[in-house]
Amino acid sequence: FLLASFKYHEEYSHYSELVKQVKRAIVPVDPYMRFIWAQGNLYEDYLLNTSKESGVYIADQTAVYVPSHNVSGKIDIIVIDPCTEKYRIVEAKSVYGFNANFVLGTPSQRKQGQLGTPKASYLMQLGLYQWWYANKREEFGDALLVCGARDTGRYAEFGVTVDENEETGQNHIMYYFNNPCSSEKIDSEITIENILEQFS
């Protein structure tokens, strides 16, 4: 942000020495990380193309903006669920290596009908989209978090909702196993109010 501001606005000119220091300290992204990022984009493209081919595609890269906290983002994909005829937000995430088991579930867990635990950052991002965008529209149902392994091809699909707790009045981000196995809702113990408080 500082580098961009310095480049386009004279009011930041007093940061010139700091900008020089930051530019000297920048470490270029190594080819391995660029490859990992490219694979993540390919996974999202794969889900997007699959949704179009199957006839459930509605939109992609839909902007979301929460003006009270200046929070913005983009919904990866919106699809229509042919069973419920409700629209659903789909967030695509790719994982890899040993840590993928934490999200997707170990082979032992999956044999027992269990998946892993979605990363908090995934739930916070999708929870905000669901709360601000989908919960305000009757035509939307639960969101979907689709996590796929770039190295093995395994995947896990979680349903995500944001439910108001009657006792506290806070909006809790909930998730459940949707595919390849199913479960009851699990409270992530992350609330929208806490996320927005952090942004503030």
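**Pockets and salt bridges**

User: Which element gives the largest share of the lining of the largest pocket?
Analyst: That is α3, which supplies five residues of the lining of the largest pocket, helices here being DSSP runs of H or I with at least four residues, and strands E runs of at least two, numbered from the N terminus. A pocket is an open set of points on a 1 Å grid over the protein atoms alone, where a 1.4 Å probe fits with protein on both sides within 12 Å along at least five of seven lines, and lining residues have an atom within 4 Å of a point.

User: Is this model predicted or experimental, and what got counted?
Analyst: This is a predicted model, in which local features need pLDDT of at least 70 and side-chain atom pairs need 80 or more, while totals for chains, interfaces and linings use all residues. Numbering starts from 1 along each chain as its sequence is written, and side-chain values use heavy atoms, without hydrogens or water.

User: OK, what volume does the largest pocket have?
Analyst: The largest pocket has a volume of about 390 Å³, taken as the space filled by probe spheres set on grid points joined across faces, edges and corners. Its lining has 18 residues, and L47, T50, S51, V146 and E157 are the closest to its centre. Two or more lining residues come from each of α3 (31-53), β2 (71-80), β3 (87-95), β4 (143-149) and β5 (155-164).

User: And the second largest pocket, which residues are closest to its centre?
Analyst: The second largest pocket has a volume of about 310 Å³, and of the 16 residues lining it, G40, K93, S94, Y122 and R150 are the closest to its centre. Here too α3 gives the most to the lining, with six residues, and both α3 and β3 supply at least two.

User: Switching topic, how many salt bridges are there?
Analyst: The whole structure has four, each a Lys or Arg side-chain nitrogen within 4 Å of an Asp or Glu carboxyl oxygen. R88 pairs with D81, with the closest N and O atoms 2.9 Å apart, while E91 pairs with K93 at 3.5 Å.

User: Are R88 and D81 buried or exposed?
Analyst: R88 and D81 are both buried, meaning under 20% relative accessible area, with exposed over 50% and partly exposed in between (1.4 Å probe, protein chains only). E91 and K93 are both buried as well.

User: What does K185 pair with?
Analyst: K185 forms a salt bridge with D163, and their closest N and O atoms are 2.8 Å apart. This pair links distant parts of the chain, 22 residues apart, with K185 in the loop between β6 (171-179) and β7 (186-191) and D163 in strand β5. K185 is partly exposed, with a relative accessible area of 42%, and D163 is also partly exposed, with 27%.
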